[in-house]
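The exercises below are meant to be worked through with the structure in view. Try each task before reading its solution.

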Amino acid sequence: MLDIAKARLADPTKLINEISAELGFQQPQSFSNWFKKATRLTPLQFCKTIINGHAADTAFNL
């Protein structure tokens, strides 16, 4: 499920609220907490690494 979350977060047309619901989380905060525990990054931080082109250096290799 983490790979799916990362792929969806890499899509700039998707909102974090949408992604969390698609993955079965009732609250976006629950998704954010789960994602941060798994990657050490919040979903927003992960998105920023994608935008800045650092995904290979950080979150994708965790």
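**Exercise 1. Find which helices the buried residues of α3 pack against, and where on α3 these residues lie.**

Solution. The buried residues of α3 pack against α1 (2-9), α2 (16-22) and α4, where helices are DSSP runs of H or I with at least four residues, strands are runs of E with at least two, and both are numbered from the N terminus. This is a predicted model, in which local features need a pLDDT of at least 70 and side-chain atom pairs count only at pLDDT 80 or more, while totals for chains, interfaces and linings use all residues. Residues are numbered from 1 along each chain as its sequence is written, and side-chain values use heavy atoms, with hydrogens and water left out.

The next step is to name the residues: Phe31, Ser32, Phe35 and Thr39 are the buried ones of α3, buried meaning under 20% relative accessible area, exposed over 50% and partly exposed in between, with a 1.4 Å probe and protein chains only. Because these four cover an arc of only 100° around the axis, they lie on the same side of α3, the arc being that of the directions from the helix axis to the C-beta atoms. On the other side of α3, Gln29 and Lys37 are exposed.

**Exercise 2. Check whether the span of α3 agrees or disagrees with its 12 residues.**

Solution. The expected span of a helix is 1.5 Å times one less than its number of residues. For the 12 residues of α3 this should come to 16 Å, and since the end C-alpha atoms are 16 Å apart, the two agree.

**Exercise 3. Describe arginine 40, which follows α3.**

Solution. Arginine 40 is found in the loop between α3 and α4. Its phi is near 70°, which is a positive value in a residue other than glycine. With a relative accessibility of 64%, arginine 40 therefore counts as exposed.

**Exercise 4. Place these details in the chain, and say where confidence is lowest and highest among the helices.**

Solution. The chain has 4 helices and 0 strands, and buried residues make up 29% of its 62 residues. The average pLDDT, the predictor's confidence in each residue from 0 to 100, is 88 for the chain, and 85% of the residues score at least 70. Among the helices, α4 (residues 43-51) has the lowest confidence, at a mean of 91, whereas α3 (residues 28-39) has the highest, at 98. Over residues 56-62, however, the pLDDT is below 50.

Notes. Contact means heavy atoms within 4.5 Å.
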